[in-house]
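Visitor: I have a structure to look at and a few questions about it. Can you show it to me?
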Amino acid sequence: MLRDAVRSLAEAKIAPHAAAVDEEARFPREALDALVANDLHAVHVPEEYGGAGADALATVIVIEEVARVCASSSLIPAVNKLGSLPVILSGSEALKKKYMAPLAKGEGMFSYCLSEPDAGSDAAGMKTRAVRDGDFWVLNGVKRWITNAGESEFYTVMAVTDPEKRSKGISAFVVEKGDPGVSFGAPEKKLGIKGSPTREVYLDNVRIPADRMIGEEGTGFATAMKTLDHTRITIAAQALGIAQGALDYAKGYVKERKQFGKPIADFQGVQFMLADMAMKIEAARQLTYAAAAKSERGDSDLTFQGAAAKCFASDVAMEVTTDAVQLLGGYGYTRDYPVERMMRDAKITQIYEGTNQVQRIVMARNLP
Ligand SMILES: Cc1cc2nc3c(=O)[nH]c(=O)nc-3n(C[C@H](O)[C@H](O)[C@H](O)COP(=O)(O)OP(=O)(O)OC[C@H]3O[C@@H](n4cnc5c(N)ncnc54)[C@H](O)[C@@H]3O)c2cc1C
């Protein structure tokens with residue numbers, strides 16, 4: 001029922017704008033409005049904080065179905081989970097109450113600020129500093145590649161509180177868009193997910209109350225990594241949705257397109273490609289849903305499974321979308337058809353929330 005409901009909404013309210021959002025590289029406002037109106041913008045927020053209380057699998061299905069028509073729009077529910085999960089996992093009761101209610105109501109989105117210009121895969125090498133000043137912390141630094149920066153009201157920011165201790169000297173904070181000293185860089189000009197703003201976040205003497213720290217001092221990096229264990233599964237869902245969208249489009253096209261006097265769907269070479277695409281998507285789906293169940297239960301092998309789902313599903317998305325372009329021939333290579341957008345959008349799923357090389361490092365360290 002959830003899948004049917006999200007699919008109908010996505011096809012009616014989000015799909016019609018997907019090409020323009022990509023072409024104009026603009027934020028998918030129509031998608032945000034439709035998701036908020038249907039309480040699908042941040043489904044993971046627990047009911048006790050005013051949210052829809054969706055479990056990890058339901059959240060995955062929402063993201064998958066939105067990504068099937070518009071990958072940029074799927075970053076609304078996905079990044080709302082990424083940005084707010086540190087508070088849900090490690091924040092004080094007061095922080096949860098304060099920030100989950102506006103998120104659930106659709107009054108403000110949440111972004112996640114871990115990466116920096118010189119700290120990507122090696123995120124613990126970050127330089128952003130937080131220095132204590134009485135009942136306040138003062139933050140200075142630059143966060144890079146922040147999804148929905150400028151659009152979000154709330155930002156989970158990881159910063160160094162004790163430079164001697166490397167990852168154990170990093171703490172997490174909630175920063176608000178309106179805090180004096182917060183500003184944003186120009187939107188990055190990207191290959192894909194062009195509707196999802198990616199900008200730098202500048203922190204210039206941002207003075208915030210000490211109770212905005214998420215969890216204990218020095219636990220921010222652990223919280224950031226624990227968050228990714230759960231949210232990499234949402235990137236797997238996004239990849240899955242993009243791949244399914246490309247397969248669905250190609251499936252319809254090959255029945256219409258005629259060459260050599262018959263639909264190209266009649267050629268076994270084409271049928272075998274479609275069979276492989278569907279097989280890979282189904283394998284990615286099973287891995288992703290199993291990982292979502294593990295996320296919900298907090299299983300001990302979640303770290304491996306989350307990395308495996310993200311890595312596998314994103315590789316599948318890249319292969320399937322490339323094959324979809326191939327099945328449309330020259331038409332697939334143009335913006336008159338959606339599969340080239342899907343191919344460009346798929347690429348990011350192999351890069352963010354840790355590149356697929358990093359996923360393999362994570363898997364190798366946590367072999368089942
Ligand atoms: C569109 C977009 C949105 C993003 N959104 C966010 C966000 O909201 N919040 C956020 O915090 N970050 C975000 N990111 C950042 C993203 O997570 C990083 O780009 C990613 O982790 C890679 O870091 P990097 O770009 O610095 O690449 P690098 O770390 O410089 O990696 C370059 C290459 O080296 C490889 N490499 C690095 N180390 C190793 C190793 N040990 N072994 C093998 N290979 C290695 C990588 O796999 C990669 O191929 C986003 C990025 C993009 C492009």
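Visitor: Which residue has a polar side-chain atom 2.6 Å from an oxygen atom of the ligand?
Guide: Keep in mind that this model is predicted. A polar contact needs N or O atoms within 3.5 Å. At 2.6 Å from a ligand oxygen, one polar side-chain atom fits that limit, and its residue is Ser 121.

Visitor: Which residue has a polar side-chain atom 2.8 Å from a nitrogen atom of the ligand?
Guide: Look to the side chains again. The polar atom here belongs to Thr 147.

Visitor: Which residue offers a polar backbone atom to a nitrogen atom of the ligand?
Guide: This time the backbone does the work. The distance is 2.8 Å, and the residue is Tyr 112.

Visitor: How much of the ligand's exposed area does the protein bury?
Guide: Start with the ligand taken alone. It exposes 980 Å². The share buried by the protein is 65%.

Visitor: Which element gives the most residues to the shell around the ligand?
Guide: The ligand takes up the space of the largest pocket. Two elements give two or more residues to the shell: helix H11 (356–365) and strand E3 (136–147). With 3 residues, the top giver is E3.

Visitor: Now Glu 107. Is Glu 107 buried or exposed?
Guide: Glu 107 lies in the loop between helix H5 (93–105) and strand E1 (110–113). Leaving out residues up to four places away in sequence, Glu 107 touches Pro 102 and Glu 153. Its relative accessible area is 55%. The cut-off is over 50%, so Glu 107 counts as exposed.

Notes:
Residues numbered from 1 in each chain as written. Predicted model: local features only at pLDDT ≥ 70, side-chain atom pairs only at ≥ 80, totals over all residues. Heavy atoms only, no water. Helix = DSSP H or I, 4+ residues; strand = E, 2+ residues; numbered from the N terminus. Buried < 20%, exposed > 50% of the residue type's maximum accessible area, 1.4 Å probe, protein only. Contact = heavy atoms within 4.5 Å. Polar contact = N/O pair within 3.5 Å; in protein donor to acceptor, adjacent residues only side chain to side chain. Areas by Shrake-Rupley, 256 points an atom, 1.4 Å probe, with all protein chains shown as cover. 1 Å grid on protein atoms, 1.4 Å probe; cavity = no way out; pocket = protein on both sides within 12 Å on 5 of 7 lines; lining within 4 Å. Sits in = over half its atoms within 2 Å of the grid points.
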